[in-house]
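Visitor: Got a minute to go through this one with me? I'd like to start with where the chains meet, then look at the domains.
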Amino acid sequence: MPHPTQSFVRNCLLSAIDTAGYAAIGPHLEPVDLPKGTVLIEAGVPFTHVHFFNRGIGSVVISTADSRRVEAGIFGREGLSGFGCLLGADQCPQTTLVQVEGEGYRVSIDALRDACQQSNSLRETLLRFVHVFISQTSFTALSNVNQSVEGRLARWLLMCHDRVTGDDIALTHEFLSIMLAVQRPSVTTALHMIESYGFIKARRGNITIVDRDALIDFADGMYGTPEAEYRRLIGPFG
Amino acid sequence: MSRFYLHQQTASGIIEDPDGTEVSDLAAARHEAILAARQLLANAILHGVAPLGAAFQISDEAGQVLLTVPFREALPPHFISID
């Protein structure tokens, strides 16, 4: 079966592994569309596939018993869904869904585990991503406790900006309120405030990043460390 | 279910609610406004951000203002006695 060449793939993990590592996984890559809202991993349901994104944003969310959700972390073309299977788990308590539509490749978990046994480069690169993702969720915890809604929103917009092409991010206030686990008017007010500073332009269903450096300053150290860790350990992204 | 809009009244104008929220009736919309005001006030108190608004105007889809909910009404009654 023909499969994409390493120079063709846009996923940063697949680009970062060595030639032998790519030879181990390449034949198992099945191209898939990733429409908005697609559930890739369901909480408590055994893993079947991981998804390497070329484009789009995936969101890992955790829910209360009465279905209130908060986002634990996001990833895009720098990562993959379902990495718990690399750590010996068969399922997880979080749900992973597509937040911004995209496309990528899926790989069955059996094929991924076989490929990881064949290639140290592949296994180590994927585990480094897990390490970076844990750093991201740690900063999310810190940010949730310490930051104002405006600061959390700034950090989150920067993380989305890293994972889209261009400066526009298509998101509704409703969606942002779920991701940040705040009431919708808090999102509306926070967007209004950040816009009044000139950092973004907010239109219905769309946010444009105008002054990224100012947003980074405003995020007050809560953005940037996991991203730097990724570049140090794995390679370019964003 | 009906769609209600929680527009925020501020000293410098209205911050519009672009999307609105689906709830059963005006009483449920008022409850949403109270919860939202509490969160805005809490964020302002915890992080030293000035609260932008002083009240929510609850409107229907036609833009008719049905009810104004001052942020003060979001405070539990015993808080009022602080001042």
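Visitor: How many residues does the contact take from chain B, and how many from chain A?
Guide: This is a predicted model. In it, chain B puts 15 residues into the contact and chain A puts in 16 residues.

Visitor: Which elements of chain B give two or more residues to the side that touches chain A?
Guide: Strand S1 (2–10) and helix H1 (26–47) of chain B.

Visitor: And which gives the largest share there?
Guide: H1(B) does, with 6 residues on the side of chain B that touches chain A.

Visitor: How do the residues on that side of chain B divide into nonpolar, polar and charged?
Guide: On the side of chain B that touches chain A, 8 are nonpolar, 5 are polar and 2 are charged.

Visitor: OK, domains now. How is chain A divided?
Guide: Into domain 1, residues 12–142, and domain 2, residues 148–221. Taken over C-alpha atoms, the centres of these two domains of chain A are 25 Å apart.

Visitor: How many residues of each domain of chain A are in contact with the other?
Guide: Domain 1 of chain A has 9 residues in contact with 8 residues of domain 2 of chain A.

Visitor: Which elements give two or more residues on the domain 1 side?
Guide: Strand S3 (49–63) and strand S4 (69–75) of chain A. S4(A) gives the most to that side, with 4 residues.

Visitor: What's the nonpolar, polar and charged split there?
Guide: The side of domain 1 of chain A that touches domain 2 has 4 nonpolar, 2 polar and 3 charged residues.

Key
Residues numbered from 1 in each chain as written. Chains lettered and ligands numbered in written order. Predicted model: local features only at pLDDT ≥ 70, side-chain atom pairs only at ≥ 80, totals over all residues. Contact = placed C-beta atoms within 7 Å. Nonpolar A, V, L, I, M, F, W, Y, C, P; charged D, E, K, R; others polar. Domains from an automatic or database assignment.
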